[in-house]
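Me: I would like to go through this model one question at a time, with the reasoning set out before each result. Could we begin with how the helices pack?

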Amino acid sequence: MYDVFSLPAIRFPEGFVWGSATAGHQIEGDNIHSQAWHNEQQPEFYRDDPERATRAPSGKACDHFRLYRDDVELIASLGHRAYRMSIEWSRIEPVEGRWDHQALAHYLDLLERLVQKGIQVFVTLHHFTHPFWFERLGGFDKADNRRFFERYLTFLLPKISSMVSGWNVINEFNQWGGLTAGPAIAPLKFNMLRTHALGYHLIKRYSSAPVSSAHAFIHWFPRRFHDDLDRRMTDFADFTTNEFFFHALRTGELVYPGVDAEYDPEVKGSLDFWSVNYYTRHMVDARLAGLDGPRFAHKLLQMIPMRFYLEEMYPEGLTANLERLRDYPVYITENGCCAADDRFRIVYLALHLSALHEALERGVDVRGYFYWSLMDNYEWTTFIPRFGLVAVDFQTFRRSPKTSALFYREIIRDNGFGGETVRRYLDALPTLPGRVA
């Protein structure tokens, strides 16, 4: 375990943006017109999964769609200066070509309330979910379907742009399809790059706020560090999830293994900042078909009562990743810890903010940090992983700020922290009750 009590005092640049992040489907509830909701109702959603006993539909989620006014007050009370949220396309256009003006009014009221509290709003336009009718038409697998997304943005953007301080067109499309290469996945990757560029240029018609798409910046690590095959496949994994995206936005050249490269001038330079989502590292084992190697046994932290993918804290991976992004400003749009014991969250925050500060000292222009997540939420198939600074009782929907929320509030207030700050919120390092078999 790292010694967070001895961390030196650090301060962040003047004007550094501090906030938290959420996604509509994960907190709003009753998102009944989305493809995600439809999938949750299917019998196969609960089959052929070793963790299927943990699976559940989203249902009311955090009931945020009803309780959003209280949640705005909560965000303000925790001192957050910014808030990243998504607007659900499936609510605005539940049926093809029909706009739901009540849903639009809901989001306008939410945005207005945040702005009135002095909270900068960063809006994500597509966070994994879209209307079921769009999915039935082939979704983003069909290049021609970009016209539906364009029509939606043309309707939405002029109505909300005056209240938005930052934009993500799409969330984490770089990891769609995993490590698959060749013509089975490349058309989708190229289509998403072009969809991102389409969104970027449309936003620029209505807004001067900075635009990007949130990137799942996975830190790949060879399981056998000096093994030539593991290192080569680590480079492969990095290219198929990270570098293809960076290269395309920097140069306009769409390159992916197994297909001929393409060039699209609309993609080149279609960003104003790098939007980085970082959690931990992943091990690459060239001897396994899926390349997904097990973690080092001595690094495993089973912080929730199920197997997940975040059983290691690796803050140094954040520093290493950020050093690759020196050509544009950077915002950390997701970074967080799922743990039943909130003390792990305090440790995680302290370590990753220290790693972030190290990147700043090395010359990376990081402008802001959004903790994932504001509150415990629906983690796409289950309610067990708890990422929130705020606990949610999923029966009563009562919100209760955790100690980590108070720790984070002090960091925001002081624009920095040190080991002494940690000591005020943590009396001892947390211990594990035992691993899940």
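Reply: We can begin there, keeping in mind that this is a predicted model. The axes of helix α3 (residues 64-77) and helix α5 (residues 101-116) come within 10 Å of each other and cross at roughly 5 degrees. Angles under 35 degrees count as roughly parallel, so α3 is, relative to α5, roughly parallel.

Me: Which residues of α3 and α5 make the contact, and how many of them are nonpolar, polar and charged?

Reply: From α3 the contact draws on His64, Phe65, Tyr68, Arg69, Val72 and Ile75, while α5 contributes His106, Tyr107, Asp109, Leu110, Arg113 and Leu114. Sorted by class, the contact of α3 with α5 has 7 nonpolar, 2 polar and 3 charged residues.

Me: How are α11 and α12 oriented with respect to each other?

Reply: Helix α11 (residues 342-361) and helix α12 (residues 403-414) have axes that come within 8 Å and cross at roughly 25 degrees. Since the cut-off for this class is an angle under 35 degrees, the orientation of α11 to α12 is roughly parallel.

Me: Which residues form the contact between α11 and α12, and how do they divide by class?

Reply: On the α11 side the contact is made by Asp342, Arg345, Ile346, Leu349, Ala350 and Leu353, and on the α12 side by Thr403, Ser404, Phe407, Tyr408 and Ile411. The residues of this contact of α11 with α12 divide into 7 nonpolar, 2 polar and 2 charged.

Me: Turning to the aromatic rings, how many aromatic pairs are there, and why is the pair of Phe140 and Trp176 classed as it is?

Reply: With ring centres required to lie within 6.5 Å, the count comes to 40 aromatic pairs. The rings of Phe140 and Trp176 have centres 6.5 Å apart and planes at 45 degrees. Stacked pairs have planes under 30 degrees apart and edge-to-face pairs over 60, so the pair of Phe140 and Trp176 is tilted.

Me: Where along the chain do Phe140 and Trp176 lie, are they buried or exposed, and which cluster includes them?

Reply: Phe140 is in the loop between α6 (132-136) and α7 (146-160), and Trp176 is in the loop between β5 (166-171) and α8 (186-206), so that the pair links distant parts of the chain, 36 residues apart. Both Phe140 and Trp176 are buried. Ring pairs link them into a cluster made up of Trp89, Trp133, Phe134, Phe140, Phe148, Phe149, Tyr152 and Trp176.

Me: What kind of pair do Phe217 and Phe246 form, and are Phe217 and Phe246 buried or exposed?

Reply: Phe217 lies in the loop between β6 (211-216) and β7 (219-222), and Phe246 lies in helix α9 (residues 228-251), 29 residues away along the chain. Their ring centres are 5.1 Å apart with 70 degrees between the planes, which makes the pair edge-to-face. Phe217 has a relative accessible area of 1% and Phe246 also stands at 1%; with buried meaning under 20%, Phe217 is buried, and Phe246 is likewise buried.

Me: Which ring does the charged end of Arg55 sit over, and which does Arg281 lie over?

Reply: The charged end of Arg55 is 5.0 Å from the centre of the ring it sits over, that of Phe45. For Arg281, the distance to the ring centre is 4.0 Å, and the face it lies over is that of Tyr314.

Me: What is phi for Asp63 and for Leu291, and where do Asp63 and Leu291 lie?

Reply: Asp63 is in the loop between α2 (35-40) and α3 and is buried, with a relative accessible area of 7%. Leu291, in the loop between β11 (281-284) and β12 (292-293), is buried at a relative accessible area of 9%. Neither Asp63 nor Leu291 is a glycine, yet phi is positive in each case, near 60 degrees for Asp63 and about 70 degrees for Leu291.

Me: Which residues is Thr124 in contact with, leaving aside its neighbours within four places in sequence?

Reply: Thr124 belongs to strand β4 (residues 120-124) and, at 0% relative accessibility, counts as buried. Met85 is 39 residues from Thr124 in sequence, with 6.0 Å between their C-alpha atoms. With those sequence neighbours left aside, the residues in contact with Thr124 are Arg84, Met85, Ser86, Ile87, Asn168 and Asn171.

Terms used
Residues numbered from 1 in each chain as written. Predicted model: local features only at pLDDT ≥ 70, side-chain atom pairs only at ≥ 80, totals over all residues. Heavy atoms only, no water. Phe/Tyr/Trp six-rings, centres within 6.5 Å; stacked < 30°, edge-to-face > 60°. Helix = DSSP H or I, 4+ residues; strand = E, 2+ residues; numbered from the N terminus. Buried < 20%, exposed > 50% of the residue type's maximum accessible area, 1.4 Å probe, protein only. Lys NZ or Arg CZ within 6 Å of the ring centre and 35° of its normal. Axes fitted to C-alpha atoms, helices over the stretch in contact; angles between N-to-C directions. Parallel < 35°, antiparallel > 145°, perpendicular 65-115°, else oblique. Contact = heavy atoms within 4.5 Å. Nonpolar A, V, L, I, M, F, W, Y, C, P; charged D, E, K, R; others polar.
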